[in-house]
Amino acid sequence: ACDPRLNARQSLDLAFEIITSQTNQPPPPTNNIGQKWLQIPDTTPNGIDVQIHDWSMLADLWAAQGRVDEAIEVRTHAVQRMERTYGPDHSDVAGALNGLARLYLRRANLVAAETLLVRSVAIREKAHGPNNLLTARDLATLGEISLKRRNYGLAEERLVQAVARLEAAGLASEEEIAEARRNLAVTYRAL
């Protein structure tokens, strides 16, 4: 386990050293953490993928530090690796797409976020059915994006589905349902 007294850079360097030692590869000649992580070999000699979830964690850390552009780059690599490893329709891919979409939302890139979330919803509906909580949350976010883009007809369609699915899932918080209803009310006022 990492020493809690280590800062983020030291923790990432330590994790990098552990992973590269497990893959029996020399470390790449760079001091840039992101470039180090992107150069880690795909698998250990046993064929175990060592990067997928590590990249996602690194993206989350950088996003929390406000390094959104770097987080987008690393999260994109994680999505690509998940697609190759698990297949394009795996539920882990949907989760990674969702994480990438949220980073694009932080950059106000609504088109990119919407594209990723549409794919995430399709994967989750196929894997878990239409009333899955994560699918409903993605739909609510898609409705909000449509509202921001002033596509009120699509916003209405997505938000009506989101409210129904959030209620049907049984696990959604009252706040989530209320937020989707508020966005639906704003949509109706705009129509």
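1. Arg124 lies in helix α6 of this predicted model, and the residue is buried, because its relative accessible area of 6% falls under the 20% cut-off for that class. Leaving aside residues up to four places away in sequence, Arg124 touches Ala94, Gly95, Asn98, Gly129, Leu134, Thr135 and Asp138. Of these partners, Asn98 is listed among the buried residues of α5, and Leu134, Thr135 and Asp138 are listed on the α7 side of the contact between α6 and α7.

2. The helix that carries Arg124, α6, has 19 residues and reaches 26 Å from its first C-alpha to its last, which is close to the 27 Å expected at 1.5 Å a residue. Its buried residues are Leu110, Ala112, Ala113, Glu114, Leu116, Leu117, Ser120, Val121, Ile123 and Arg124, and these pack against α5, α7 and α8. Just after α6 comes Gly129, with a positive phi of about 95°; Gly129 is also one of the residues that Arg124 touches.

3. How are α6 and α7 packed against each other? Their axes are 9 Å apart and meet at an angle of about 155°, and because angles over 145 degrees count as roughly antiparallel, α6 is roughly antiparallel to α7. The crossing of this pair is left-handed. On the α6 side the contact involves Leu110, Ala113, Glu114, Leu117, Val118, Ser120, Val121, Arg124 and Glu125, while α7 brings Leu134, Thr135, Asp138, Leu139, Thr141, Leu142, Ile145, Ser146 and Lys148.

4. The pair formed by α7 and α8 packs at an angle of about 155°, with axes 8 Å apart, and these two helices are therefore roughly antiparallel to each other. Here α7 passes α8 in a left-handed crossing. The residues of α7 that make this contact include Leu133, Ala136, Arg137 and Ala140, and those of α8 include Ala155, Arg158, Leu159, Ala162, Arg165 and Leu166.

5. Helix α8 itself has 18 residues and extends 25 Å between its first and last C-alpha atoms, close to the 26 Å expected at 1.5 Å a residue. Its buried residues are Ala155, Arg158, Leu159, Ala162, Val163, Arg165 and Leu166, and what covers them includes α6, α7 and α9. The helix is followed by Gly170, whose phi is positive and near 75°.

6. Which residues touch the most other members of the largest nonpolar core? In this core of 39 residues they are Tyr104 and Leu166. At least two residues of the core come from each of α3 (52-64), α4 (68-86), α5 (91-106), α6 (110-128), α7 (133-148), α8 (152-169) and α9 (174-190), and α5 gives the most, with 8 residues. Not counting residues up to four places away in sequence, Leu166 touches Leu133, Ala136, Arg137, Ala140, Ala172, Glu176, Ile177 and Ala180; of these, Leu133, Ala136, Arg137 and Ala140 also appear on the α7 side of the contact with α8.

7. For α5, the helix that gives the most to this core, the geometry can be checked by a short calculation: at 1.5 Å a residue its 16 residues should span 22 Å, and its end C-alpha atoms are 23 Å apart, which agrees. The buried residues of α5 are Val93, Ala94, Ala96, Leu97, Asn98, Gly99, Leu100, Ala101, Leu103 and Tyr104. Ala108, just after the helix, takes a positive phi of about 60°.

8. Trp55 is found in helix α3. Is this residue buried or exposed? Its relative accessible area is 3%, and Trp55 is buried because that value is under 20%. Along the chain Trp55 and His77 are 22 residues apart, yet their C-alpha atoms are separated by 7.6 Å.

9. As for the protein overall, there are 9 helices and 0 strands, so that the order of elements from the N terminus on reads α-α-α-α-α-α-α-α-α. Buried residues make up 42% of the 191 residues. Among contacts with a separation of 6 or more, 52% are accounted for by residues 24 or more positions apart.

Notes:
Residues numbered from 1 in each chain as written. Predicted model: local features only at pLDDT ≥ 70, side-chain atom pairs only at ≥ 80, totals over all residues. Heavy atoms only, no water. Core = buried A, V, L, I, M, F, W, Y, C linked by side-chain atoms within 4.5 Å. Buried < 20%, exposed > 50% of the residue type's maximum accessible area, 1.4 Å probe, protein only. Helix = DSSP H or I, 4+ residues; strand = E, 2+ residues; numbered from the N terminus. Contact = heavy atoms within 4.5 Å. Expected span 1.5 Å × (residues − 1). Axes fitted to C-alpha atoms, helices over the stretch in contact; angles between N-to-C directions. Parallel < 35°, antiparallel > 145°, perpendicular 65-115°, else oblique. Left-handed = near helix turned anticlockwise from the far one by under 90°.
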